[in-house]
Amino acid sequence: MTIIEGMTSGFFQAISLGVLPYLMTGAVFGLVIGVIPGLSGHFAMAMAVTFLYSMEPGAGIAFMLGAHSTVAQGGGLTAILFSTPGTGQNAATLLDGPPMRDRGEAGKAVGAAMAACFLGATFGALALALLIPVLRDVVLFFGPPEIFVLAFLALTFVAVLGKEDMTRSLIAALGGLMLALIGVDNVTNTERFTMGSDNLADGLSLVPVILGLFAVAEMFELGIRGGALAKNMPDALSGRETQKQIFQGIGTAFRHWWLVMRCSAIGTVMGLIPGLGSAPAAFVAYGHAKQTSKSKETFGKGNVEGVIGSEAANDAVEGGALASTIAFGIPGSSSMAILLSGLFILGLETGPQMLNDHVDIVFIMIFTIIIGNLIGTIVGMFLVNPLSRATSIRASFMVPVLLVIIVTGAYASDRSLFDIGIALFFGVVGYLMKVLNYSRAALLIGFVLGFAVEKNLYLALLIDGPLFFLEPIPLGLSLVTLGFLLINVVGYVRDRRRSRV
Amino acid sequence: MRRIFLKGLAATTAVALSLGAGAMPSVAETAAEFYKGKKVKFIVPYKPGGGYDEYARLLAPSLEKQTGARVEIVNMPGSGGMKGANEIFNSPADGLTIGIINGSAMVTNELAGIKGADYRVADYNFLGRVVADQRVLAVSTKSGIETYDDMLKSDKPILLGATGLGGSTYVDAVVIGQIMGNNQKVIHGFNSSSDVRQALLRGDIQGMWGSYGSARKGVQSGDFRIVTHSAKEGSKNTPDIPSVFEFAAKTADPAKSEEILEAWDALSAVGRPVAAPPGVPEDRIEFLQAAFSSAMEAPEFVDKAKKAKREVEYIDGKAMAALAKKATQLTPEIKDLFVAAIRGEI
């Protein structure tokens, strides 16, 4: 089967009557899972797998992947409207989404986020399609030395995010790196910072930490401040006004097409790298959006570019993450592991067999991501209105309700009561950081990348020896990292001098 | 409502009758009656979506049919499967909590006295085994290694990839390396066996020990080659590949090598059993064992497992208990070797 044949066949299968209804059901299901804080794409897929036994391959793929691909979209909605990340990867959206809501631009932020998601997903899916002929080589490009340098490069984005207050940002990022150390180290089998607790042996889980830092902290603040969630908006936006704003937001995302492309590219590449996950992708894209923006100073205060950048990267990750699963049957994340077992159930084999004989299946996946996100965008638009009304409900009612949902979300992913404690603990930490003006984003970046940096450094040293960074590819990447760091340091010093004068 | 009333009436009559009868033994409830309409917790010690989870979800409908109880799957990930294993071991001994465990890993953790292993594998009430994980040594087809002999004779150290210290990919590599005394270096610290396979494809390492199931795909696509495996005789997966037992004869001390390999093979034979906590009344265990056996043979389970490419190697509860005993009762010398391997001291 040639690629063109596979593409045509895949497209017509994806929009056929036997597949499209499943795709739509999956997409709506994923969107709802995404809206609920704490439930992630992993969860949506695991739920979807149980239905696969009686399905045709095309329908099964559309259902499963449709559910996975819209989760981040739903999560963005919650992030903007309720200052609560619907999934881990929406944490970056919290930096600029809620401030826009407070200005009365909730509709615009959601519209921009939805459209950016759709464009990002399309970019990632098309990139995957273009890479099919060289997919195996692309996937094998990333080994421990390369991943170490790239994770380190991602870490330097802290410098962009926290430019306004470098000292505090560096403290926060180092704090995050320290948090990543907690647990039994699987290289030496030694417990680190577990304080003798079995619950900490596996380290801190990402979901309760994110929910605590951002969502619970927000609830504390709201409870203390009183009033409504949307700060300066005593009355909810009218339905008509929201609708108008959504279209404005969609228009804004399309007008920033170049930013969307760049951030999507970041997302796709980070998706290709096994073990990095999508949360750092969104932050790196956010940092990039900030660095290249003409109005850097309004980032964090409700700049729509921040929302667009992180949401585009969020969904572009998908295309990249699929690559190693399709090319070798090696899942790069827990969601992809579920996808793989789902494909087995449907009787499909990944690897060269799929790329050569069943490339139409790959294209069903590609079109599922694109169409699924389109459906997610449309359905999401209808969800905004009822949900945004809730943002002007008074705090004394909203705080307990949202707290219950958040705490349930923290518990649900691992069924661990301890995780509820973690969420509440990091709620206090997050609240204090917010009050004392420490960057929670910097802490989170340190936390999510710390593990990848440490583990891959160790492996790179074992495999290639102490001078592993002098190998051609890691050397090139190291130079890029150093250059990037240099530009930032120079810019930072210049800004400080200027502000002193 | 009416049914509840009737049930109540029946119960009262029964109590009255038995009281009236006085000397007659009270009417004992059979296990089948006990399970009817009850909820059985089926613990899976890993997140949804993995192999353990899939076996459990495939089994649940058949188990419900056989027991008459409602089977609720509870995922309880943590500490490499130990959290779930502890939960099963320490749950009330009423027969309403069962679960699947990572048998081999639980045995090694127990032997090495890893912190958090609050169970004793030999003391579980086993309902049977779902599958054994046959271990295979896979090399990359690009590595130039054609046979296990090539590897044993190599002057340059062969790099074998492994996950965490004490994980099965690691223990296999060091124990077999110890027996064969070949020139090898174990690169451990990979995050998952998927990452090890990726490194194998890239050529960062030359080989890895792992389960047959995880190497199968790569073998089919021509990326990997299995050079030896753990099955002593008659492996249906790898009929033409020499077992590692054949190589033991050529070592300096064949008898001792064989003894270690036997112990190691017993470890992988424990595989993935389904277990109940100790102390459950015997009639309930027998009932559950029979239900599990029928569920494992039910066409709906067998077909689905086949479709999902999940192998099934059922053995019954009694045979499983014997395997668990064999795997946990090692001679001090062999135990020391395994403990040292698990702790990364070799």
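Mentor: Let's fix one term first: helices (H or I, at least four residues) and strands (E, at least two) are DSSP runs, numbered from the N terminus. We're looking at a predicted model, in which local features need pLDDT of at least 70 and side-chain atom pairs count only at pLDDT 80 or more, while totals for chains, interfaces and linings use all residues. Residues are numbered from 1 along each chain as its sequence is written, and chains are lettered from A and ligands numbered from 1 in the order in which they are written.

Trainee: Okay, where does D165(A) lie in chain A?
Mentor: Look at α10 (158–161) and α11 (166–181) of chain A. D165(A) belongs to neither helix; its place is the loop between α10(A) and α11(A).

Trainee: And how many other C-beta atoms lie within 10 Å of D165(A)?
Mentor: With C-beta atoms placed from the backbone, a residue is buried if 20 or more others lie within 10 Å of its own, exposed if 12 or fewer, and partly exposed in between. D165(A) falls in the partly exposed class, because its count is 14.

Trainee: How far apart in space are D165(A) and N437(A)?
Mentor: In sequence, 272 residues separate D165(A) from N437(A). In space, C-alpha to C-alpha, the distance is 8.7 Å.

Trainee: Zooming out, what radius of gyration does chain A have?
Mentor: Chain A has 23 helices and two strands, and 60% of its 501 residues are buried. The radius of gyration is taken over C-alpha atoms, and the globule rule is 2.2 Å times the number of residues to the power 0.38. For 501 residues, a compact globule would come out near 23 Å, which agrees with the value for chain A, 22 Å.

Trainee: What box do the C-alpha atoms of chain B fill?
Mentor: Chain B has 15 helices and 11 strands, and buried residues are 51% of its 346. Taken along the principal axes, the box is roughly 85 × 40 × 35 Å.

Trainee: Which element gives the largest share of the side of chain A that touches chain B?
Mentor: Two residues are in contact if their C-beta atoms, placed from the backbone, lie within 7 Å, and here 38 residues from chain A meet 38 residues from chain B. Giving two or more residues on the chain A side are α3 (41–49), α17 (334–345), α18 (352–357) and α22 (440–464) of chain A. The largest share is six residues, and it comes from α17(A).

Trainee: By class, how many nonpolar residues does that side of chain A have?
Mentor: Ala, Val, Leu, Ile, Met, Phe, Trp, Tyr, Cys and Pro count as nonpolar, Asp, Glu, Lys and Arg as charged, and the others, Gly among them, as polar. The side of chain A that touches chain B has 12 polar and five charged residues, and its nonpolar residues number 21.

Trainee: On to chain B: how far apart are the centres of domain 1 and domain 2?
Mentor: Bounds come from an automatic or database domain assignment, which gives domain 1 (33–132 + 271–336) and domain 2 (135–267) in chain B. Over C-alpha atoms, the centres are separated by 27 Å.

Trainee: Which helix gives the most to the side of domain 1 of chain B that touches domain 2 of chain B?
Mentor: 11 residues of domain 1 of chain B are in contact with nine of domain 2 of chain B. Both α5 (103–111) and α14 (317–328) of chain B supply at least two residues on the domain 1 side. The most, four residues, comes from α5(B).

Trainee: Which strands stand at the edges of the open sheet in chain B?
Mentor: Strands pair if DSSP finds at least two bridges between them. The five strands run in the order β7-β6-β8-β5-β9 (chain B), with mixed pairing. Two of them have a single partner strand each, so one side of each lacks a neighbour in the sheet: β7 (184–188) and β9 (224–229) of chain B.

Trainee: How many residues of β5(B) are buried?
Mentor: Strand β5 (residues 135–140) of chain B is antiparallel to β9(B), over five bridges, and five bridges also join β5(B) to β8(B), again antiparallel. R135(B), L137(B) and V139(B) point one way, while V136(B), A138(B) and S140(B) point the other. β5(B) is largely enclosed by the rest of the structure because its buried residues are six of the six.

Trainee: Which residue of β9(B) is the bridge partner of A138(B)?
Mentor: Along β5(B), L137(B) stands opposite T228(B) in β9(B), and V136(B) faces G210(B) in β8(B). For A138(B), the partner in β9(B) is I226(B).
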